[in-house]
Amino acid sequence: MNVTIVSGEQWPDATARLLRDLPEWFGIEQSVLNYIDAARTLPSTAAPRNDEVVGVCLLRRHTPVAAEIELLAVRRALHRQGIGRRLVRAVEEHLRDSGVQLLQVKTFGPSGASEEYARTRAFYRSIGFIPLEERTDIWGPENPCLISVKPLRRSEPAERHNCRSKLAEQRVLGEYALPPVHEDEAPIRSRWATMRA
Ligand SMILES: CC(C)(COP(=O)(O)OP(=O)(O)OC[C@H]1O[C@@H](n2cnc3c(N)ncnc32)[C@H](O)[C@@H]1OP(=O)(O)O)[C@@H](O)C(=O)NCCC(=O)NCCS
């Protein structure tokens, strides 16, 4: 798919077109208007193709080390062609460079019935997000909210092979240490997973 990934501008009109194209995901008018408004100010990354923006990602920085994907949308006709993955990858690279260590995203949770959002959750899992918890006190009991997170680790080869620094890291994190998470790798392989099994 011939798209480039760009950031540093705002794309509210393109965001509006993308959301109107996806009513199964973005069907609540007030939240669509809120997203369009957010697209005027939040850090934005877009995928333009032949003069048309076919994907957009809005980011919210919560703390110097933690950020959130506020919105991610890809034009319906171009789903499953790698655009969403490329948008998030570009965002992650930028965040890592600016010191962010944890990225979160909120999606409609698995206890609600939505075939569309089941696909959305499959997307996030496939790119390394870990389902953290489902809550009903954020969007209300009718709209369970799944919070997923992804640690953004630097993975310089030299560091990965440096056993001494690896051991030091394990000592600091103790049993909470997670293995490095790579895209396309089944994400949950920590001691937590073993304990829950
Ligand atoms: C979710 C969304 C952004 C994903 O973008 P996309 O460009 O379609 O996804 P990609 O092609 O990059 O998919 C990457 C991987 O995610 C997984 N994936 C994506 N869509 C999937 C689906 N429908 N079912 C299962 N897995 C899926 C696959 O592993 C895929 O890799 P593969 O195609 O090589 O198997 C896009 O489908 C979308 O706009 N959905 C509607 C809005 C939405 O859900 N936004 C997120 C709200 S937080």
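**Exercise 1. Determine what follows α4 and whether the length of α4 fits its number of residues.**

Solution. Step 1: α4 is followed by G128, whose phi is positive, near 100°. Helices here are DSSP runs of H or I with at least four residues, strands are runs of E with at least two, and both are numbered from the N terminus. The model is predicted: local features need pLDDT of at least 70, side-chain atom pairs count only at pLDDT 80 or more, and totals for chains, interfaces and linings use all residues. Residues are numbered from 1 along each chain as its sequence is written.

Step 2: The expected span of a helix is 1.5 Å times one less than its number of residues. For the 12 residues of α4 this gives 16 Å, and the end C-alpha atoms of α4 are 17 Å apart, which agrees.

**Exercise 2. Establish the strand order of the sheet and identify its edges.**

Solution. Step 1: List the elements. The chain has seven helices and seven strands, in the order β-α-α-β-β-β-α-β-α-β-β-α-α-α from the N terminus.

Step 2: Apply the pairing criterion, namely that two strands pair if DSSP finds at least two bridges between them. The result is an open sheet of seven strands with mixed pairing and the order β1-β2-β3-β4-β5-β7-β6. β1 (6-7) and β6 (130-135) each have a single partner strand, so one side of each is left without a neighbour in the sheet.

Step 3: Follow the pairs inward. β3 and β4 run antiparallel, joined by eight bridges, and form a hairpin with two residues between them. In this pair R60 stands opposite E68 of β4. β4 and β5 run parallel, with four bridges, and here E68 stands opposite Q104 of β5. β5 in turn pairs with β7 (residues 145-151) in the antiparallel sense over seven bridges, where the bridge partner of Q104 is V149.

**Exercise 3. Describe how α3 and α4 lie against the sheet.**

Solution. Step 1: Fix the conventions. Contact requires C-beta atoms, placed from the backbone, within 7 Å. Axes are lines fitted to C-alpha atoms, for helices over the stretch in contact, and angles run from 0 to 180 degrees between N-to-C directions.

Step 2: α3 lies across β1, β2 (44-49), β3 (52-63), β4 and β5, and runs at about 35° to β3. α4 packs on the sheet and touches β5 and β7, its direction making about 165° with that of β5.

**Exercise 4. State which residues and elements surround the ligand.**

Solution. Step 1: Count a residue as near the ligand if its C-beta atom, placed from the backbone, lies within 6 Å of it. There are 19 such residues, the closest being G84, R85, R119, T120 and S126.

Step 2: Assign them to elements. β4 (66-74), α3 (83-97), β5 (102-108) and α4 (115-126) give two or more residues each; the largest share, five residues, comes from α4.

**Exercise 5. Characterise the surroundings of I5: is this residue buried or partly exposed?**

Solution. Step 1: I5 is placed in the segment before β1. A residue is buried if 20 or more other C-beta atoms, placed from the backbone, lie within 10 Å of its own, exposed if 12 or fewer, and partly exposed in between. I5 has 18 and is therefore partly exposed.

Step 2: Leaving out residues up to four places away in sequence, I5 touches T45, A47, R86, L87 and A90. I5 and T45 are 40 residues apart in sequence, yet 7.0 Å apart in space, C-alpha to C-alpha.

Key: Contact = placed C-beta atoms within 7 Å.
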